[in-house]
Amino acid sequence: MSGDNLLGLPETLLPEDTAVMEALAERSPATAADLGELVKQFPTSSLLWALLSEELWAVGAVLPSYAYARVGYHRGLDALRKGGWRGQGPVPWSHEPNRGVLLSLYTLRRAAEAFGEVDEVKRLGDFLQMSDPRAIDAIEATIRPVTDQPVTEAIIIRGQD
């Protein structure tokens with residue numbers, strides 16, 4: 001039992017989703033449009049919903065980012081329950097298949113904070129902390145900073161004069 005898991009609850013280790021990872025690798029780096037197509041193919045993947053949320057957040061689209069993060073959160077809860085999780089216990093970031101769930105929690109918490117949802121931010125922060133106290137730092141070390149582009153900048157195709 002580690003110092004972070006004082007109750008001795010078993011870790012939840014989700015199975016690898018090879019098809020999703022292969023599809024992402026084929027589209028690397030995946031754009032928001034790519035991710036939109038992928039969530040249609042793999043709608044239960046919390047990772048894809050979280051990545052789509054992240055792409056939209058990066059261009060300042062807070063409302064769609066929130067909506068996609070919320071879907072990823074619910075898909076993540078479904079996956080955790082299917083994986084034997086009973087509402088508590090570690091969900092380690094170090095186990096790569098868990099990252100979609102944890103990233104969904106993070107992106108939803110961040111968007112909820114942008115809307116001023118204080119209680120939701122606290123609840124999601126506690127959930128992340130309970131899942132893996134190192135997850136937030138690990139996520140923040142890997143995400144892109146928000147750009148200064150307006151939301152429409154991401155979808156306009158610019159021609160040359």
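Here are some questions and answers about the predicted model shown above.

User: What should I know about the numbering and the model before I start?
Analyst: Residues are numbered from 1 along each chain as its sequence is written, and side-chain values use heavy atoms, with hydrogens and water left out. This is a predicted model, where local features need pLDDT of at least 70, side-chain atom pairs count only at pLDDT 80 or more, and totals for chains, interfaces and linings use all residues.

User: How many helices and strands does the protein have?
Analyst: Helices (H or I, at least four residues) and strands (E, at least two) are DSSP runs, numbered from the N terminus. Along the sequence the pattern reads α-α-α-α-α-α-α. The count comes to seven helices and zero strands.

User: What share of the 161 residues is buried?
Analyst: Let's pin down the words: buried means under 20% relative accessible area, exposed over 50%, and partly exposed in between (1.4 Å probe, protein chains only). Those areas come from the Shrake-Rupley method with a 1.4 Å probe, and for residues only the protein chains shown count as cover. Of the 161 residues in the protein, the buried share is 42%.

User: Which residues of helix 2 are buried, and within what arc do they fall?
Analyst: Helix 2 covers residues 32–41, and its buried residues are Leu 35, Gly 36, Leu 38 and Val 39. Looking down the axis, they line one face of the helix because they fall within an arc of 165° (the arc of the directions from the helix axis to the C-beta atoms). On the other side of helix 2, Ala 33 and Lys 40 are exposed. So the arc for the buried residues is 165°.

User: Where is the cis peptide bond, and what is its omega?
Analyst: Most residues other than glycine have a negative phi, and most peptide bonds are trans. Here, Pro 29 lies in the loop between helix 1 and helix 2. A cis peptide bond joins Ser 28 and Pro 29, with omega at about -5°.

User: Which residues gather in a patch of negative charge on the surface?
Analyst: Patches are made of residues with over 30% relative accessible area and no salt bridge, with like charges joined within 9 Å and nonpolar side chains (Val, Leu, Ile, Met, Phe, Trp, Tyr) within 5 Å. Lys and Arg count as positive and Asp and Glu as negative, while His and the chain ends are not counted; the place of a charge is NZ of Lys, CZ of Arg, CG of Asp or CD of Glu. Asp 17, in the segment before helix 1 (18–26), is partly exposed at 36% relative accessible area. The patch gathers Glu 16, Asp 17, Glu 22 and Glu 96.

User: Which helices does the salt bridge between Glu 54 and Arg 110 link?
Analyst: A salt bridge is a side-chain nitrogen of Lys or Arg within 4 Å of a carboxyl oxygen of Asp or Glu, and the whole structure has seven. The side chains of Glu 54 and Arg 110 meet at 2.8 Å, N to O. These residues are 56 apart, and the bridge links helix 3 and helix 5 (residues 99–114).

User: Which residues share a salt-bridge network with Arg 70?
Analyst: Glu 120 and Arg 70 meet in a salt bridge of 2.8 Å, N to O. Glu 120 lies in helix 6 (residues 118–131) and Arg 70 in helix 4 (residues 62–82), so the pair ties together parts 50 residues apart in sequence. Through shared partners, Arg 70 is joined into one network with Glu 120 and Arg 123.
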